[in-house]
Amino acid sequence: MGEILKLENVSYTYGAGTPFEKTAVKDINLTFNSGDFVAIIGHTGSGKSTLVQHFNALLPPTSGTVYINGEDINQSAATRRAARFACGLVFQYPEYQLFEETVFLDIAYGPKNMGLSEIEVKRRVLAAAEAVGIDALTLEKSPFDLSGGQKRRVAIAGIIAMEPEILVLDEPMAGLDPKGRDEILDMIKNYHDKHKTTIILVTHSMEDAARMANRIVVMCDSSVLLDGTPGEIFARHDLLTKSGLDVPQITSVLIELKNRGYDVDTSVYTIEGAKEQLMKLRGKLC
Amino acid sequence: MLKDITLGQFFPGNTFMHKLDPRVKLVVCFVFIIVLFITENLAAYALAALFIILGVKVSKTSPKMLLKSLKPIMFLVLFTSILNIFYIEGEVLVRFWILKVTKEGLMTAFYMTSRIIMLVCATSLLMYTTSPISLTDALEHLLAPLNKVKFPVHEFSMMMTIAMRFIPTLIEETDKIMAAQKARGADFESGNIFARAKALIPILVPLFVSSFRRADELATAMECRLYQGGEGRTRLNVLKLTKYDYVFMVFSAISFVLMILLNVVGI
Ligand SMILES: Nc1ncnc2c1ncn2[C@@H]1O[C@H](COP(=O)(O)OP(=O)(O)OP(=O)(O)O)[C@@H](O)[C@H]1O
Ligand SMILES: [Mg+2]
C-alpha cells in the first residue's frame, strides 16, 4: 500500500506577531498509507484539530510541507481546492454547519461544489445517506428539526458524499451518549471495511482508538509523542500516563497484575487478548 | 483573516495605563480629542504627540499594533489632505497646470492629518488598555445623570456589554463555520458579485441560527439568576479612584492647559 498523505516538518503558529502568539503544532513528520485506519489521540489543547486542518490545506503551515499523493497541496488555489476534495474533513461538532432547507440538499452541498452532474450528485447523496443510516423520509426533513445525533450523521454524510480518498473525523463522538457513540463508531468501521478509504480519527478515548485503529499517533504539547500499532503504544503506558492519557481499562488491569509480580503481557488491549493472558496465567499458577 | 480586525481589541497587561480607572481614561481621552480640535499650533501638536508617545511607552503597547489600527483610515487622511492642499486659497508656493499649492493649504492639511492620526491613536490606546467590560462600566457611570430624564442607562450599558462580549465569540464562530464550509468545497473568492453573495448563505444561516440560540440561552441564564435590571443592583468590581488616577489626571490636565496656552500665545 502506497503512501497517500505526508507531512514534512510541519509547524503552525496562531496569531504570529501578536501578543497572543501560540504554536499549536511543532515540527510534525508523519506519513499515512493508503487504506490505513489511524487514530490521533492527545490531551485537550495538544493541537489535534490544528494538525488535521493541514491535511486539506485549510491552514497553510507556517513552515513545512504537506503532500497528498506526492504533490505539495499548498502550491496554488487549484491544488488547495483539489486537496479539499481528496481529503474530506469532518469538523468537531459538525452539526453547526448545516444550513440547507432539507437534509438531502445539505448533503448535496459538497458534491455540487465539485461540479458533478445532477445524477451523480443524487447517487452520491443516497449512498452517503445509506452509509450513515439516514432513511428516505429524513432526507426530506429540515436539518434543524433533527436530534443532535441525527444532525451529526447528516454532517458526516455531507463529507462522505464527496467520496474523498482520505476521510478525517475530528472527535465525531464528542457529546453523544454511549449508544450514539457506538453507532457512529460502527458506522465508521463499516464504511472503512466496505470502501477501504484511508481514515484518520481524532479522539480522546484510548478504548475507541484501540478498538478501531491499526495505528495510533499520540500527540502531546504540539508534538508527536508516540506513533505505532496499538500494542506498541500501550506497552509505553509510563509515557502515556505522564502525558495525561489513559491506557484502556483492560490494559491497566494487566499492568497492575504485572506490578504485583505475575507474568503477563501488558501490550494487550482487547477483552479477547486479556482473556487469553488470564487463562494462560491460570494454567501456570494451578 | 477576520482576526485582523484590531479596533476594540484589548491586550491584557499590568502597566500603569491598565491600572487606571476606566472612567478617568475615557474622560481624558475625550478631553484630549476636544483639545486637539480647538488648537492649531505646532508646539501644541508636538506636545500632544509627546503625550501619545508617552502613553504608548508606559502601556507597553507595541507601536506596530498602533500602526495597524491606522491602516484603515489612511485613505481618508490622504484624501482630506490632498483636497486641503489644493483647494485652500492663500499665499501660493508652487503652481503647475491648473493646480496651486498654498502655504495655508499645506498647514491646514498638516493639522487635519495630525488631528485624525492622533485621534485614532488615542482611542486605540484606550481600547488596547481597557477591557470592553470596564469600558461600558465606565460609560454607565458617566451617563448616570441621564437617568434623571428617564433614559435607561443601565439597560443601555448592559446591551453594550453583551454586544461587546459576543464580538470575539461571533468572529471565532464565523471562522469555524467558514473553515467547515471550505472543507466542503465552498468558494468565497471567485465569481461575480452575485455568486459571492450566494456563497455567503452557507455561513450566514448557521451563524444566525447559533446567534439566536445563544441569545435565548443567555436570556434564560440571566433570568435563572434573577436578573431584573439596574435598580438596587450592587457591583462586583466597584470603581474607585486610586493615586495612579490622580497622578494621571493632574498630568493630563497640565498637558492640556499647556497645549491651549501655547495655542493662545501662538508660538
Ligand atoms: N483559532 C485559534 N486562535 C488561536 N489559538 C488557537 C486557535 N485554535 C486553537 N488554538 C490554540 O492552539 C492549541 C491547540 O488547539 P487545538 O484545537 O488544535 O487542540 P485539540 O488537541 O484539538 O484540543 P481538543 O481536544 O480540546 O479539541 C490550543 O492551545 C488552543 O488554545
Ligand atoms: Mg480539537
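Here are legends for close-up views of this predicted model.

Residues count from 1 along each chain as its sequence is written, with chains lettered from A in the order in which they are written. Local features need pLDDT of at least 70, side-chain atom pairs count only at pLDDT 80 or more, and side-chain values use heavy atoms, leaving out hydrogens and water.

**View 1. Cysteines without a disulfide.** There are zero disulfides over all chains (a disulfide being a pair of cysteine sulfur atoms within 2.5 Å). Take Cys29(B): its sulfur sits 11 Å from the closest cysteine sulfur, in Cys121(B), so that's too far for a bond. Cys29(B) is also buried, at 9% relative accessible area (buried is under 20%, exposed over 50%, partly exposed in between, with a 1.4 Å probe and protein chains only).

**View 2. Helices H3 and H6 of chain B.** The axes of H3(B) (residues 42–59) and H6(B) (residues 103–129) come within 11 Å and cross at roughly 25° (helices are DSSP H or I runs of at least four residues, strands E runs of at least two, numbered from the N terminus; axes are lines fitted to C-alpha atoms over the stretch in contact, with angles from 0 to 180 degrees between N-to-C directions). That makes the pair roughly parallel (angles under 35 degrees). Among the residues of H6(B) that meet H3(B) is Cys121(B) (contact means heavy atoms within 4.5 Å).

**View 3. Two positive phi values in chain A.** Most residues other than glycine have a negative phi. Ala57(A), though, has phi near 65°; this buried residue, at 2% relative accessibility, lies in the loop between helix H1 (48–52) and strand E4 (63–68). Tyr93(A) has a phi of about 50° and is partly exposed, at 39%, in the loop between strand E6 (87–90) and helix H3 (103–113) of chain A.

Key
Angles under 35 degrees count as roughly parallel, over 145 as roughly antiparallel, 65 to 115 as roughly perpendicular and the rest as oblique.
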